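Student: I'd like to go through the labels people put on a structure and ask what backs each one up. Can we take them one by one?

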Amino acid sequence: MKKMKYLFAGIFAFSVALGVNAQTVDYKEALKPITTALESSSNDPKVLKDLVKTYKKQFKKNPAAIVALGYSYFGVKDYTTAIECADLALKINNKFGDAYVLKGDVSSMQDDGGAAAGWYQNAMTQDPKNPNGYLGYANVYRKRDPQGAEDAINLLRKNNPEYPVDAELGHLMFNADNMDKAYEYYSKSNRDKLNEGRLAEYALVAGSVDKKAEALDIAKFGLSKFPSSKAFLRLAIINSVGTEKFDEAVNFAKKLIAEEGESNSGDLIYYGQALAGLGQYDEAIAKFNKAIEVDAKNIMPYQHISETYAKMGDEDKAIEHSKKYLELNPNAKISEYTKLAGIYMAKMKKGENAEENYANAMSVYDGVAAKYPQLKSWSLYQKANETFKAEMDEQALNLYNEVVNALENKGDRDRDETNYLATAYRNGGYILWSTKGDTDAARPYFEKLLKLDPENSLAKKYFEAEAAANAATEEAAPAEQATE
């Protein structure tokens with residue numbers, strides 16, 4: 001979820017909702033000096049007391065105003081006074097839902113989820129069209145009882161059909177880190193009715209479930225609706241890169257850089273990726289290096305520089321930056337080790353110190369196995385595959401036999417390991433049959449392969465060819481006997 005922090009840091013500030021019934025004309029202005037006094041470290045208690053007294057007198061018949069006052073105290077963690085305000089609002093109108101919501105919010109801040117849920121349920125019962133009670137209840141239960149939280153939001157749909165319930169369910173699932181469900185709900189929502197934060201979240205969710213084209217479309221829509229939004233601009237850059245619309249990504253990146261300068265390493269990385277996608281490799285590397293200059297703790301540019309040099313055919317610099325990235329990243333992905341091995345193999349195929357570069361590629365996989373013993377079979381399998389693709393048949397066969405020896409009789413073999421074993425049978429059998437012409441030696445490989453993969457086409461071709469050869473032999477035998 002690091003990408004989310006990059007997108008939203010400093011862009012959206014969400015405040016506590018004061019309810020759909022709140023009057024926004026008079027009391028909010030009257031509340032400002034009270035809030036300022038509460039937040040000031042040098043406030044005069046007498047002045048504050050007089051301000052509050054005047055405010056309560058002025059809005060003595062307005063429960064929304066009193067709840068708003070309660071949230072001012074809530075904001076400075078004076079929960080006792082906040083509750084007093086909620087109780088006063090309920091004296092004015094005992095069905096005013098936001099007063100119950102305020103009590104629930106206080107209980108929630110005091111880590112009393114049960115009490116919070118009770119107050120939110122009171123809001124749902126007494127003020128059924130007010131969404132805040134349902135939303136508060138769902139937020140409390142989103143992790144401990146996701147289905148219950150979802151049910152509460154769906155009850156809001158029944159009691160307030162006009163409210164954008166699908167977006168709220170999407171937001172709920174987003175907060176619960178369930179991106180698939182979040183996307184399911186957001187995709188049902190009417191994007192025209194979504195506020196800036198929900199719309200940006202929808203685009204982020206779509207991108208996270210690999211609906212990048214849709215995410216880009218939402219980002220563009222967001223920019224048309226909120227032209228000054230940096231969040232939608234960044235989302236447009238990210239998803240233009242993700243959909244390989246690099247020319248669009250460059251244009252979006254230029255606009256963002258023009259407005260904010262080269263001060264954000266994340267922006268520069270995506271800009272660099274867009275430039276690399278257009279084949280502007282030197283310019284891309286310059287952006288990646290600038291990203292390192294802006295934030296030395298961000299090590300991702302080293303990997304992108306490596307990939308760019310690899311595209312340029314400069315394997316030495318690609319290897320240098322890949323190794324730098326792996327040294328700095330204790331949590332590097334296995335695929336990133338594979339990239340380094342691939343660069344060595346590319347260099348080997350050019351005929352440059354072939355034996356040395358092959359050995360270096362194999363040592364990358366050996367290093368993974370040493371660092372992560374649970375990946376030993378994966379490492380061995382990758383070594384065999386790389387060697388097979390390099391048409392080094394004898395070495396590949398030996399490595400595939402090592403895979404077979406490691407996994408054939410393994411009792412707790414998982415699905416991936418079973419796939420590794422099937423590939424070892426297939427490619428080992430292919431080398432013996434097609435390359436070496438040793439049909440008899442290939443037979444047990446294909447027999448075992450069919451037990452794992454009964455529909456394997458290569459194994460079927462082998463046995464079809466064997467059957468045809470046997471039939472031809474049987475037809476030839478009578479003719480030979482007649483000649484004799």
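Student: What makes Trp433, Phe446, Tyr462 and Phe463 a cluster?
Tutor: Ring pairs link these four residues. Rings of Phe, Tyr and Trp (its six-membered ring) pair if their centres lie within 6.5 Å; planes under 30 degrees apart count as stacked, over 60 as edge-to-face and the rest as tilted. Keep in mind that this is a predicted model, where local features need pLDDT of at least 70, side-chain atom pairs count only at pLDDT 80 or more, and totals for chains, interfaces and linings use all residues. Residues are numbered from 1 along each chain as its sequence is written, and side-chain values use heavy atoms, with hydrogens and water left out.

Student: How many aromatic pairs does a search of the whole structure find?
Tutor: That search gives 16. In one of them, Trp433 and Tyr462 have ring centres 5.3 Å apart and planes at 90 degrees, so the pair is edge-to-face. Trp433 belongs to helix α24 (residues 415-435) and Tyr462 to helix α26 (residues 457-483), so to speak of distant parts of the chain fits their 29-residue separation. Helices here are DSSP runs of H or I, at least four residues, numbered from the N terminus.

Student: Why is Trp433 called partly exposed?
Tutor: Buried means under 20% relative accessible area, exposed over 50%, and partly exposed in between (1.4 Å probe, protein chains only). Trp433 has 24%, so it counts as partly exposed. Its partner Tyr462, at 1%, counts as buried.

Student: Why is the pair of Tyr55 and Phe59 called tilted?
Tutor: Their ring centres are 4.9 Å apart and the planes meet at 50 degrees, so neither the stacked nor the edge-to-face label applies and the pair is tilted. Both residues are buried.

Student: What makes a set of residues a nonpolar core?
Tutor: The members are buried Ala, Val, Leu, Ile, Met, Phe, Trp, Tyr and Cys residues joined through side-chain atoms within 4.5 Å. The largest one here has 146 residues, and Ile34, Tyr55, Leu69, Leu102 and Phe446 touch the most other members. Helix α4 (residues 63-75) supplies the largest share of this core, nine residues.

Student: Which residues is Ile34 in contact with, leaving aside neighbours within four places in sequence?
Tutor: Leu48, Leu51, Val52, Tyr55 and Leu69. Contact means heavy atoms within 4.5 Å.

Student: How do you know that the charged end of Arg144 sits over the ring of Tyr141?
Tutor: The test asks for NZ of Lys or CZ of Arg within 6 Å of the ring centre and within 35 degrees of the ring normal. Arg144 sits over the Tyr141 ring at 5.2 Å from its centre. Arg191 does likewise with Phe221, at 5.8 Å.

Student: Why is Gln382 called buried?
Tutor: Its relative accessible area is 14%, which falls under the 20% limit, so buried is the right word. Gln382 is found in helix α22 (residues 376-389). Beyond neighbours within four places in sequence, Gln382 is in contact with Thr338 and Tyr365.

Student: What is phi like for Asp210?
Tutor: Positive, near 65 degrees, in a residue other than glycine. Most residues other than glycine have a negative phi. Asp210 is found in the loop between α12 (196-208) and α13. With a relative accessible area of 56%, over the 50% limit, Asp210 is exposed.

Notes
Helices (H or I, at least four residues) and strands (E, at least two) are DSSP runs, numbered from the N terminus.
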